[in-house]
Amino acid sequence: MDFTFSEDQTAILDAVREFCEGELAPRAKEVDEAACWPADNVRKLGELDLMGIPVPEEYGGMGMDFLTWAAVGEELSRACTTTGAVFGAHVLCVFPIMTFGTEEQKQKYLTPLARGEHIGAFGLTEPGAGSDAAAVSTRAQADGDDYILNGTKIFISNGGEAQTYVIIASTNPQRGVRGLSAFIVEKGTPGFEFGKDEKKMAFPSLPNRELIFTDCRVPKANLLGREGSGFLVAMRTLGVGRIGMATGAVGLARAALEAAVPYSRQRKQFGQPISSFQAIQFTLADMATQVEAARLLTWRAAWLKDQGRPFEKEAAMAKLFASEVAMRVTTKAVQVFGGYGYTREFPVERYMREAKLFEIVEGTSEVQRMVIANHVIRELGG
Amino acid sequence: MKIVVCIKQVPESTEVRVDPETKALIREGVKGIVNPVDENAIEAGLQLREAHGGTVTVITMGPPQAEEALRHALAMGADEAILLTDPASRGSDTLATSYTLAQMVRKIGEVDLVLCGRQAVDGDTGQVGPELAERLGIPQVTFAIEIEVVDGKLRARRVLDDFFEVLEVRLPALVTVVKQINDPRYPSMRNVLKAKRAQIAKWTLADVEADPTQTGFDGSPTQVIEVWPPPRRGGGRMLEGSVEEIVEQIAGAIEDMNLGAG
Amino acid sequence: MPVTIIADNCTGCRLCLRACPYGAIDIVDAVARFNEKCTQCGACASACKFGAIVLEAAFRRDVDVSEYRGVWVVAEHLHGELRRGTFELLGEGRRLADKLGVELGAALLGDAIGGLTAPLIAHGADRAFIAQDPVLAHFRTGPHTDVLAGMINRYKPEIVLISATPQGRDLAPRVAARLSTGLTADCTGLDIDQAERLLVQTRPAFGGNLMATIVCRHARPQMATVRPGVMKPLAPDPSRTGEVVEIPVRLDEMSVVAKVVEVVQQGTDGRVNLQDAEVIVAGGRGLGKAENFSLIRELAEVLGAAVGASRAAVDAGWIPAYHQVGQTGRTVQPKLYIACGISGAVQHLAGMSSSDVIIAINKDPSAPIFGVATYGIVGDLFEIVPALTKRLKQARSHPAAPTL
């Protein structure tokens, strides 16, 4: 098995890393504390051709594989989790349009998204529909040449800043899950407004907004896929999203590990650096092992997708494992830093608060376990 | 506008070590990078291309690994890169280097603007730019912190001592830039891949019709006869105590110095 | 002859005649010709648009070095006064000239600067060579190069020293290339090898991490730019006598390629010039933000000192670049340098390690600056600096205290 990246991938990742270390990492604390949209960083992502990595070149993208996209996301997250989160949420809009869009839809919406000229967002979650995604109640009523949308979405990442939204709504409530459809909705459409931006445990600069649809008219041309294929669109999109979340978690965990190790070497107690104490050594060993495992599991899920092979189970495993690793590793990192780790002066307390997001968003750990169990029982049930 | 940017590949760190036996610089394991202020020169070239159209060609004279520096320039967005690498150019001082670069620029032909960084972090001479301008017979503008081209004329703001000077010259001209002129862009993914695949032209001294008496050791009027690590100024003593005690000691030392007495 | 006229290409347009500072070109039978005044400065070659004048710019090893005698310093003036670097070079030049047993000359270019020849002689020059013309009033590379190259060709000094100011670092390489001779940049040490009658030049490279010794055996003059603030000037002796040699030049503004559009003084903090200051108080990254430079300024005020800064502080935008001390900033040689919150990177040390006394305040005990500080304090500059300022103010107001 060849675990190395190709020359092209290496060249790209080296360049991304330089950008991350030179530009994103030094300002990550500032970006987080500013509690506002990281416009400069997002613009730079577009300028560096990072916002359309998997999109075919004819639509302004790089036409590259998802593994490259995932590895780039991991670097971004390691340097600046907020920027990584914007990057990850953006693909949830890019992917469904790329996969299910008509030629006209791709021309109109995909190209500006791939170029980073427009930011994307994905609206599935509602007050009454979290893990129970099928309970979506936003209604899309057919009316002449349009659909009329009514309902509310919450916690939508990039909400308010994004220009393009892929929204899951019900065109036929009687058919339940099979009555869901996907729509492309533009910011500024009459009847489409933004509600509150949640104040969260972490990520103050990542918008997680309420989307409010009140008799919002969306042209039929903006139906993404067929009526009734909304759940499929959502599941496929979340499959990719899971890989994205996993890489975000891995990047975060790496950042925490890379902060803890040098600190343990510098910090002296009882006349020695604390890295010479076995307790700390074992902790660091566990952290490093878990990060490595999460990383490889994530890369494999992306690789399977690129191979055109089924990857849903692996993506769920990666997301589940990486998010839990991130939580453990960041918590341990704070512990290694001791008292100082609890203060705002060091980034590890922020990393620990940020890690929690990954266990919840885009399918909680419980949902991931449901998905994995279904696959495992089917495959190994005998 | 046809723009040529002269760059140099330099060691990543200036923490240089000298072999005590041979007095030669220890170069193994030292990563090469584009001389930092040369990145500013490349960026300046790219910005002028964006404003006025044209091409940016990046050139360098050096050993084969200097190609990496050129690839970085291409990754930033330069159109073309040319490496002059020839063992006979080894030992070139600034005069010989500027002669060789001049031959390269002449071979490229019809160049409107030559851009250089102010000085390289290894040689620190800052001489190649002006000497190159003299060899090409074009005006030079050094220490530029701002450049613009208006109606075929180049206008640059120079930073000198305690004042700025805005100078205007006709093109073709040569400009050396300082770090404060701009923020060099990061390579975009497209340009990284383009740079990776790009063919970098490799020229020899013969390709530029260089007179061998003007290049390499033979063409260098100056010669380094020795290199040595500098004598380190030693430390003195550390002052201890409370803030008041320390301040008293400093004040006493200052008074003893009899400053202002001429 | 390095400069030749190709008569067949000459159209008799007179551009060369106008560009020649020395009146060395006549138009005879509609073709340009040199007369005996020609110094081969090369101004005409730059001016000719028809390829009729060629400057053979090649480094030759067959120069008769014995034809070159004397040490020259190229003087630099700013706002009507000679710069400190010129006096430093005269001091050093005097020493070198005495070792060689030759005269020390000073080359002075400008307009209405006749009054500056006396200080040149008082500071050690035997002869002051002065070229004056309105076109030379404000330094521009072209005319300065043309005139200076001609003067050097006429008088053939074996050594030419130029202060490594921005002007010097602009002019020296242009002249060196014009003359196809060797130039060593930013020298911190000069000496004479008597056996070979060579100028031995010592200079830092790699940001100060390496010293190099350089010679120029076969080309003349041996040119060097010298780091300001390193050499020692002689005490001026008004009773010294010397000769003033007027170089008759006439320049044509139309022939000058560069036009000065604007000159803008930089706003500087404080009144004292960094280069000439006896005391400098400098601030670095440890200050944390721009506003905290007020601590530095207050201490500088009470000491009558200039304000300096590390590159980190300048890059952060806390203080104008004019105040930067270091490899790409200013080299200073004050009696006292107080470094506050400066770690002491090699490039900064390169700019201030020749200070007589260095006091360093930094909260990091491993800061490299403590390796060169005469007095090192590991502590909080926000406590120590204001306390020191207050203590020195008290001393100043106390009548019995020595004046600072």
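Q: Which residues in helix 5 of chain B meet helix 1 of chain A?
A: In this predicted model, the contact draws on residues from both helices. Helix 1 of chain A contributes Glu7(A), Asp8(A), Ala11(A), Ile12(A), Ala15(A) and Val16(A). The residues of the contact divide into 7 nonpolar, no polar and 4 charged. On the side of helix 5 of chain B, the partners are Met189(B), Val192(B), Leu193(B), Lys196(B) and Arg197(B).

Q: Are helix 1 of chain A and helix 5 of chain B parallel, antiparallel, perpendicular or oblique to each other?
A: Two packed helices are described by the angle between their axes and the distance between the axes. Here helix 1 (residues 7–24) of chain A and helix 5 (residues 189–197) of chain B have axes 10 Å apart and an angle of about 130°. Angles of 65 to 115 degrees count as roughly perpendicular and those over 145 as roughly antiparallel. The value falls in neither class, and the two helices are therefore oblique.

Q: Is the crossing of helix 1 of chain A and helix 5 of chain B left-handed or right-handed?
A: The handedness complements the packing angle of about 130°. For helix 1 of chain A and helix 5 of chain B, the crossing is right-handed.

Q: Which pair of chains shares the most contacts?
A: Chain A and chain C are not joined by any contact, and their closest C-alpha atoms lie 13 Å apart. There are 2 pairs of chains in contact, and the pair sharing the most contacts is B and C.

Q: Which residue does a cis peptide bond join to Leu171(B)?
A: The bond has an omega of about 0°. The residue lies in the loop between strand 9 (163–170) and strand 10 (173–177) of chain B. The partner of Leu171(B) is Pro172(B).

Q: Where is Pro221(C) found?
A: A cis peptide bond joins Arg220(C) to Pro221(C), with omega about 0°. Pro221(C) is found in the loop between strand 14 (210–216) and strand 15 (222–226) of chain C.

Q: Is Phe203(A) buried or exposed?
A: Phe203(A) has a positive phi, near 55°, and is not a glycine. Its place is in the loop between strand 6 (192–197) and strand 7 (208–219) of chain A. Buried means under 20% relative accessible area. At 1% relative accessibility, Phe203(A) is therefore buried.

Q: What is the relative accessible area of Lys156(C)?
A: Lys156(C) is not a glycine, yet has a positive phi of about 45°. The residue is placed in the loop between helix 5 (141–155) and strand 10 (159–163) of chain C. Lys156(C) counts as partly exposed, its relative accessible area being 23%.

How values were computed. Residues numbered from 1 in each chain as written. Chains lettered and ligands numbered in written order. Predicted model: local features only at pLDDT ≥ 70, side-chain atom pairs only at ≥ 80, totals over all residues. Heavy atoms only, no water. Axes fitted to C-alpha atoms, helices over the stretch in contact; angles between N-to-C directions. Helix = DSSP H or I, 4+ residues; strand = E, 2+ residues; numbered from the N terminus. Parallel < 35°, antiparallel > 145°, perpendicular 65-115°, else oblique. Left-handed = near helix turned anticlockwise from the far one by under 90°. Contact = heavy atoms within 4.5 Å. Nonpolar A, V, L, I, M, F, W, Y, C, P; charged D, E, K, R; others polar. Buried < 20%, exposed > 50% of the residue type's maximum accessible area, 1.4 Å probe, protein only.
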